[in-house]
Every structure is written in structure tokens, then in C-alpha cells.
2 protein chains.
Amino acid sequence: MPLKIGELARLAGCQVVTIRYYEKEGLLPPPERTDSNYRLYGDAAVERLHFIRRCRLHGMNLAEIRDLLAFKDNPSVSCAWINDLVDKHIADVERQIASLQHLKMHLEALRHACAGDHREGCGIIDTLDHGSPCTCCEEEHCCLNDGQGPFSLRRSSGKTTSAQQK
Amino acid sequence: MPLKIGELARLAGCQVVTIRYYEKEGLLPPPERTDSNYRLYGDAAVERLHFIRRCRLHGMNLAEIRDLLAFKDNPSVSCAWINDLVDKHIADVERQIASLQHLKMHLEALRHACAGDHREGCGIIDTLDHGSPCTCCEEEHCCLNDGQGPFSLRRSSGKTTSAQQK
DNA sequence: GTTGACTCTATAGTCGCTATAGGCACTACG
DNA sequence: CGTAGTGCCTATAGCGACTATAGAGTCAAC
């Protein structure tokens, strides 16, 4: 028996809007509709959405997932590129871990710059003002010196707490 | 001798547009202008921009930097909240590292599912289809089972309220 | 018949930039 | 003097993967 979008969302552990978004992006085919224009999904859609969500949880982006789905639908070439894709992701994740470990070191150095509870002369502000007292990486390739950043500066790192209750 | 925006950008290791963006966002004050409407920056702006960039390299977002600048400009309260802020970032980074290490494990399990160079029966696709063969975390709290994700799949909603509350 | 949960479409916002378009200012060269 | 090349100006749109909001229709239960 076909599912409405809310039921599908619950099954897949995602939001209703996310499913509509995937449809708009061409990852999910346009489903049947009821007389009152509600979307109706069958088993195939459930599996496809699960596949997509698992890919997302493995860090794949939507373009990569599109390619994986296309291959799944019609494996016209060898799957070797999928191995390469996963290898690339592993390398990427390793890079990110290394960057974050480096960043953590800097943050801890920063943290130790102030024991504080005062208005003037906060050691953290001073350090941010004049450069790191940490000598771990005076080298050019250090994230704080080479303009590259510990991780892409485009990524917001403020993701926290409020993200997903319910 | 005042600097033009391009010179300032070179000094700070960022893009010209980024400086204009910071101005629009209120992190940098509107500078003087030449007769031909070019921005002119003095030493104070150089230092302020360096401060901002160092904060960014430490993973702070613009809202947090705004708060830090406000404190720097006028330290009307104790700096204790800055320590808390840095602690929060350290905890955050640790969480991200743990998540990524977990993700890496999953990706490696995925990678081992296929040695492949074939069209049908790619082990990676199968795994993404039917779930992980990895037994490391059958538990509910595993990122691949609990809908939480190895890192937040909802990046944008991590928006915390302004850092310097209280 | 009214509430409340669910669904629909459409649009805008998130974050920290990046890219593009169209035009003005300045310098160097011929 | 004209022109080429660079830099600067404003304004607007785009990125990725959603999230949030508005306004309206649908449906089951009371």
C-alpha cells in the first residue's frame, strides 16, 4: 500500500521537504498522485530514498549520488570509478581529520592564553590580535600562516546543538 | 600612507570582495574614500582585518567575531565568556574529529565491499542499498542508523544565538 | 461544523564567500 | 592624444543542501 510523503519521511528518517527537494533535483522520480494531488510512494521509492540517505550519511554529495543512482539504474560501465570515488572520500576525510587535529591544537593554545575573568588584557584577544604564541608551526604551511585555513573557510563551523531534536 | 583595498587584501591574505563583504556585514567600519570613491585604509583597519582573519582561521563564524570585536572595542563585561566560547569550539572540533573517524571506518568498510571492475553486483552499491556489513556499530547511536549523521547533515541549522549573551 | 494534523506550491533565507556584468579611474606605452 | 591593461566601484546572482515561512487545500475525528 502506498505511502504519503510524511510516512515516507518517517521511514527514512528525513524531513518531508527534503524528499520534495530530492524530487526537484531529479534524485527521486515524480511519484503518483492521489485525486487531491498528494504524493504516493511505493516500495521502490522507499528503497531509493534509503539508498540516497545512506549515501549522504557516507558524506556523498547530491551530484555523486546522482551518478551512483544512474549506475544502479543502468550499469553501462565498469564499477571501478565507484572504488575511486570511495577512495577519494577516504582521503578527503583523512585530510579533514588532520586539519581539525591541527586546529584543535591551536584552539587549546588559545585557551591557555587566558585563565581569565577580567575586562582588560584578555590573553585570547591578545593572541588573536598579534598572532599565535604557539610555536608548533611557525612554518609556512601552517594553517594559521599560509592563508589556507585548517579546513575550508567556506565551511561554517558553527554547527552545534540545536540541529536536530525531534 | 593609506592603502587601497587591493593592497590591504594582499596584506591580509584574503580577497578584495571579502573585505567589502566584511564591511557590509559591519565587521569593518566604512573607510575613508578618495575623490574617485576608492576605499582607503589605515593601520587600524589592517589590524582589525588581521584579527578577523585569525578568528576565521580558528573556526569562528562572523557572529562570534562580531561579538569579539565589540568586546575588544569596549570591554564592558568580564572576558569569561570568551573562554567559554573557545571551550565550545574545542568541544565542537573534538566532536567533528570523532564523527569523521567513525565515518572513515564506514568508508573503509564500504571500500572493502568491492574489489571491483565489473558491471553487475558492485559490493559498494549493494552495501549502500541494503545497509552496512560493518558490525562495528549495530547500536542505535551509530551515525548510519540513528539519523544523526557522522557530521551534521543539516549544516545550516547549527546557528547558535549570538556568542556573547550574558 | 470546527479543530488540528497533514499536504500542496511558491518563495526566501541560511553561511561566507565567489562570480559575473557593466562602468569608472589610473598608469604606461606608443 | 588614444588605447590597453589593471584596479576599483556597485549591484546582483549563485553555491550546497537544505530550512523556514506564507497561504491555501485535504482529511479524519470530535
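A search of the whole structure, which is a predicted model, returned zero disulfides over all chains, a disulfide being counted where two cysteine sulfur atoms lie within 2.5 Å. B:C114 takes part in no disulfide, the nearest cysteine sulfur being that of A:C79 at 3.7 Å. For B:C122, likewise in no disulfide, the nearest cysteine sulfur is also that of A:C79, at 3.8 Å. B:C114 is buried, with a relative accessible area of 3%, and B:C122 is buried at 2% relative accessibility; here buried denotes under 20% relative accessible area, exposed over 50%, and partly exposed the range in between, computed with a 1.4 Å probe on protein chains only.

Local features in this predicted model were required to have pLDDT of at least 70 and side-chain atom pairs were counted only at pLDDT 80 or more, whereas totals for chains, interfaces and linings use all residues. Residues are numbered from 1 along each chain as its sequence is written, chains are lettered from A and ligands numbered from 1 in the order in which they are written, and side-chain values use heavy atoms, with hydrogens and water left out.

Chain A comprises six helices and two strands, assigned as DSSP runs numbered from the N terminus (helices H or I, at least four residues; strands E, at least two). Along the sequence these elements follow the pattern α-α-β-β-α-α-α-α. Of the 166 residues in chain A, 44% are buried. Among the contacts of chain A with a separation of 6 or more, 47% involve residues 24 or more positions apart, where a contact means heavy atoms within 4.5 Å.

Helix α6 of chain A, spanning residues 123–130, is mostly covered, with six of its eight residues buried. These buried residues are A:G123, A:I124, A:I125, A:T127, A:L128 and A:D129, and they pack against α5 (80–112) of chain A as well as α3 (43–57), α4 (62–73) and α5 (80–112) of chain B. The helix is followed by A:G131, which has a positive phi, near 110 degrees.

The helix α6 of chain B, also given as residues 123–130, was examined against α4(A): the two axes come within 11 Å and cross at roughly 105 degrees, the axes being lines fitted to C-alpha atoms, for helices over the stretch in contact, with angles between N-to-C directions running from 0 to 180 degrees. This crossing makes α4(A) roughly perpendicular to α6(B), on a scale in which angles under 35 degrees count as roughly parallel, over 145 as roughly antiparallel, 65 to 115 as roughly perpendicular and the rest as oblique. The contact is formed by A:L68, A:F71 and A:K72 of α4(A) together with B:I125, B:L128 and B:D129 of α6(B).

A:R54, in helix α3 of chain A, is in contact with B:T127, B:L128, B:D129, B:H130 and B:G131 when its neighbours within four places in sequence are left aside. A:R54 is buried yet has no salt bridge, the nearest side chain of opposite charge being B:D129 at 5.8 Å; in this assignment Lys and Arg count as positive and Asp and Glu as negative, with His and the chain ends not counted.

Over all chains, the count comes to 16 salt bridges, each defined by a side-chain nitrogen of Lys or Arg within 4 Å of a carboxyl oxygen of Asp or Glu. A:R48 and A:D73 form one such salt bridge, with an N to O distance of 3.2 Å; A:R48 lies in helix α3 and A:D73 in helix α4 of chain A, so the pair ties together parts that are 25 residues apart in sequence. A:R48 is buried at 18% relative accessible area, whereas A:D73 is exposed at 51%. In chain B, B:R48 forms a salt bridge with B:D73, the closest N and O atoms being 3.2 Å apart, and this pair links helix α3 with helix α4 of chain B across 25 residues; B:R48 is buried at 19% relative accessibility.

A salt bridge within helix α5 of chain A joins A:R95 and A:D92, whose closest N and O atoms are 2.7 Å apart, the two residues being three apart in that helix and separated by about one helical turn. A:R95 is exposed at 52% relative accessibility, and A:D92 is partly exposed at 29%. A further network of salt bridges links A:E94, B:K104 and B:E108.
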